[in-house]
Amino acid sequence: MRLELKHPQVQLLFEDDQLLVVNKERGILSVATHPGATQQTVFSILKAYERRKNPRNGVYVVHRLDRETSGVLVWAKNPKMQQYMRAYWHELVTKRTYIAVVEGILDKKEGQIRTWLTEDRQNYVTYSSPVDDGGALAITNYKVIKESSKRTSSSEGRGEAYSLVELNLETGRTNQIRVHMASIGHPIVGDRKYGNGNSLSPVDRLCLHAKVLEFIHPATEQIVHFESPAPKEFRKLV
């Protein structure tokens, strides 16, 4: 009999002998930010879930989502699978789609953002350059799905324009989508680091969601597809 994973911030989408695939809600870290941290994370929740089956079981990080980003996340059940998926991630992943609400109306409704990103690990920020400055090349393809203009809950009561954008990654750099959308003048709604935070938003969250993850399962060599619908908060804006 398979155990159930019951947690308000982590929902199990798929499980076999090698992998766990979950939907992560916003507001919870994928893993702890430093050794010895006691806050609950997706890792600690899944580790407890596996240890209920067998005290020797474990879970292993394949990739991560930011604390305030929701969506599909995959974990390995053994170190060998973790190492393989990390080493061949770009070859294994066939589709990785995010959906976001960004500030403003984009002039170009579909396009590619291609810049070089450099991480400042001391200040926990990523910088973008349109030319090769020694950073890591990052490529994001975007497409506007819907546009809207709705009033914020600000004291001025002025209207704010928003766009619902689908984003497909060709690379997976730290904060790539957030930095890229800010670099073209349309930061993600609710982004406190690269945008205007919640000052222009009636919803209390970063409006970025990992909607689709599709990859070749290393054990079966079959393509597996996982999808999580856009959060209901997005509909308040667009």
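Here is a friendly exchange about pockets, cores and a few single residues in this predicted model.

Biologist: Let's start with E50. Is E50 buried or exposed?

Modeller: E50 has its place in helix α1, which covers residues 42–53. Its relative accessibility is 3%, and the cut-off for a buried residue is under 20%. E50 therefore counts as buried.

Biologist: Good to know. Which side chain is joined to the side chain of E50 by a polar contact?

Modeller: Let's look at the surroundings of E50 beforehand. Leaving out residues up to four places away in sequence, E50 touches E15, L20, N57, G58, V59 and K77. The polar contact, at 2.7 Å, joins the side chain of E50 to that of K53.

Biologist: Now the pockets, please. Which element gives the most residues to the lining of the largest pocket?

Modeller: The largest pocket has a volume of about 1500 Å³. It is lined by 38 residues, and those closest to its centre are R64, L65, D66, T174 and N175. Two or more lining residues come from each of α3 (89–92), β5 (93–103), β6 (110–120), β7 (125–129) and α4 (176–183). The top contributor, with three residues, is α4.

Biologist: And how many charged residues are in the lining of the largest pocket?

Modeller: Happy to split the lining by class. There are 13 nonpolar and eleven polar residues in the lining of the largest pocket. The charged residues there number 14.

Biologist: Let's turn to the second largest pocket. Which element gives the most to its lining?

Modeller: This pocket holds about 150 Å³ of space. W89, H90, V93, T94, K95, R96, N168, L169, E170, T171 and G172 line the second largest pocket. At least two of its lining residues come from each of α3, β5 and β9 (159–169). With four residues, the element giving the most is β5.

Biologist: How many polar residues does the lining of the second largest pocket have?

Modeller: Again, the classes help. Three residues of this lining are nonpolar and three are charged. The polar residues number five.

Biologist: What about the interior? Which residues have the most contacts inside the largest nonpolar core?

Modeller: The largest nonpolar core has 41 residues. Elements giving two or more residues to this core include β2 (19–24), α1, β4 (70–76) and β8 (136–151). The residues with the most contacts inside the core are L46, W75, V101 and I188.

Biologist: I like V101. Which residues is V101 in contact with, leaving aside neighbours within four places in sequence?

Modeller: V101 is among the residues with the most contacts inside the largest nonpolar core, as is I188. Apart from those sequence neighbours, V101 is in contact with Y162, S163, L164, I188, V189, C207, F234, L237 and V238.

Biologist: How many residues are in the second, separate core?

Modeller: Some members of this core can be named: L19, V74, L92 and L213 are included. The second core is separate, and its size is 15 residues.

Biologist: Last, some backbone angles. Is Y124 buried or exposed?

Modeller: Y124 has a phi near 55°, a positive value in a residue other than glycine. Its place is in the loop between β6 and β7. The relative accessible area of Y124 is 65%, and the cut-off for this class is over 50%, so Y124 is exposed.

Biologist: And N175, is that one buried or exposed?

Modeller: N175 also has a positive phi, near 60°, and lies in the loop between β9 and α4. We met N175 earlier among the residues closest to the centre of the largest pocket. Because its relative accessible area is 11%, N175 is buried.

How values were computed
Residues are numbered from 1 along each chain as its sequence is written. This is a predicted model: local features need pLDDT of at least 70, side-chain atom pairs count only at pLDDT 80 or more; totals for chains, interfaces and linings use all residues. Side-chain values use heavy atoms; hydrogens and water are left out. Buried means under 20% relative accessible area, exposed over 50%, partly exposed in between (1.4 Å probe, protein chains only). A polar contact is a pair of N or O atoms within 3.5 Å; within protein, one must be able to donate a hydrogen and the other to accept it, and residues adjacent in sequence count only if both atoms are side-chain atoms. Contact means heavy atoms within 4.5 Å. On a 1 Å grid over the protein atoms alone, a cavity is a set of points where a 1.4 Å probe fits but cannot get out, and a pocket is an open set with protein on both sides within 12 Å along at least five of seven lines; lining residues have an atom within 4 Å of a point. Grid points are joined across faces, edges and corners, and a volume is the space filled by probe spheres set on the points. Ala, Val, Leu, Ile, Met, Phe, Trp, Tyr, Cys and Pro count as nonpolar, Asp, Glu, Lys and Arg as charged, and the others, Gly among them, as polar. A nonpolar core is a set of buried Ala, Val, Leu, Ile, Met, Phe, Trp, Tyr and Cys residues joined through side-chain atoms within 4.5 Å.
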